[in-house]
Amino acid sequence: MATTHLSTQIFCPIPSASVSFRRLTTTGLHSTSPSLPITLFKTRKEAIPTNRKFKWERKLSLVDQSSPPKPTVDVEGLVSFLYDDLPHLFDDQGIDRTAYDKQVKFRDPITKHNTISGYLFNISLLKVLFRPLFQLHWLKQTGPYEITTRWTMVMKFMLLPWKPELVFTGTSVMGINQKNGKFCSHVDFWDSIKNNEYFSLEGLWDVVKQLRIYKTPDLETPRYQILKRTANYEVRKYTPFIVVETKGDKLSGSTGFNAVAGYIFGKNSTMEKIPMTTPVFTQALDPEFSDVSIQIVLPSEKDISSLPDPSQETVNLRKVEGGVAAALKFSGKPTEDVVGEKEEALRSSLIRDGLKPKMGCLLARYNDPGQTWSFIMV
């Protein structure tokens, strides 16, 4: 899908975790600033401390947390164990089943199992259908017999020709059997829905709507990790990247594109042709969107010290240091009115969730609207 992202930079506290381009700050990508950006995507700083305000951590265990005078379970040892074991959730090694009760109770908004065999079957089924990538951000003890984890799971549904990507972020609350020290419950909470009780129609719809057909160019794009996906936006952590940029006219405009595209097509000091990437960025640094630049991302293997100089004085190279940003995806043609509406919606969502957006925003366009059907554009 022709992807357009609008992002604002933000900074939000999350323990040991790692958003699109509208920068936000509660304490702070596409920028070197310590805040988060807001990014509007038309299609497709390190640790962030947990803040209860954001509801990134949920506590709902199936295990009685009444604490005896002297707990007999080595919960700290189980925390260390999970840090080593959970990253193997979907790889060939798999998790250590001996750490779980035979009657372990697993719940998420659309799945329920009451045995370790059912739990492992669910994991195996996901591996076949979705090729999941599991990223563990942090975990900690949240009760005498309870451990909470924060994670991101990215999956590609292999049975559909366009292989849509599904993203879920959330927390898992794992209850511990006081008698044998094994895990006897595992309850998942998704950030993207309000009703996390089994069976959640809201959760099912969240899965179905991510299966829609979309198209983005098969080109390199800046790398990021999704820290949190809500119903309205994503929080992403970007790695550094390099852009070639020049002055633009408006956020939804294309003035200056020929100049930056000319650089990668050979209009540089060594006449080197550089591979095309995606997206094309337009960035506004002020609330009125009057100070605008247009940018093309350069391939990740390039180093700014070894790149040829631009032939035009109005074109510059710049390294974006990466960071955390909030991104909103949308489809269709990104007119100035549409971009303004999306920017306002993203900023309002971030403020409502306790984040503090920085000024300006970044628009990321992944497809040529003149060559892509609007219903498969994002």
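Reader: What is the relative accessibility of Cys 361?
Author: This is a predicted model, in which local features need pLDDT of at least 70, side-chain atom pairs count only at pLDDT 80 or more, and totals for chains, interfaces and linings use all residues. Residues are numbered from 1 along each chain as its sequence is written, and side-chain values use heavy atoms, leaving out hydrogens and water. Buried means under 20% relative accessible area, exposed over 50%, and partly exposed in between (1.4 Å probe, protein chains only). Cys 361 counts as buried, its relative accessibility being 2%.

Reader: How many disulfides does the structure hold?
Author: Cys 184 is also buried, with a relative accessible area of 17%. A disulfide is a pair of cysteine sulfur atoms within 2.5 Å. The number of disulfides in the structure is 0.

Reader: Which element gives the most residues to the largest nonpolar core?
Author: Such a core joins buried Ala, Val, Leu, Ile, Met, Phe, Trp, Tyr and Cys residues through side-chain atoms within 4.5 Å. The largest one has 36 residues, and its suppliers of at least two residues include α1 (75-85), β3 (100-108) and α2 (116-130). Helices (H or I, at least four residues) and strands (E, at least two) are DSSP runs, numbered from the N terminus. With 5 residues, the greatest contributor is α2.

Reader: Which residues does Leu 82 contact beyond its neighbours within four places in sequence?
Author: Leu 82 is among the members that touch the most others in the largest core. With contact meaning heavy atoms within 4.5 Å, the partners of Leu 82 outside that sequence window are Pro 87, Tyr 100, Leu 136, Leu 139, Ile 147, Met 174 and Phe 183.

Reader: Against which strands do the buried residues of α4 pack?
Author: Helix α4 spans residues 257-264 and has 6 of its 8 residues buried. Ala 259, Val 260, Ala 261, Gly 262, Tyr 263 and Ile 264 form that buried set. The strands they pack against are β11 (241-247), β13 (292-297) and β14 (316-320).

Reader: Which residue follows α4 with a positive phi?
Author: The phi in question is near 120 degrees. The residue after α4 with this value is Gly 266.

Reader: What is the relative accessible area of Phe 289, a residue other than glycine with positive phi?
Author: Met 271, in the loop between α4 and β12, has a positive phi of about 55 degrees and is exposed at 67% relative accessibility. Phe 289, in the loop between β12 and β13, has phi near 60 degrees. Phe 289 is buried, with a relative accessible area of 14%.
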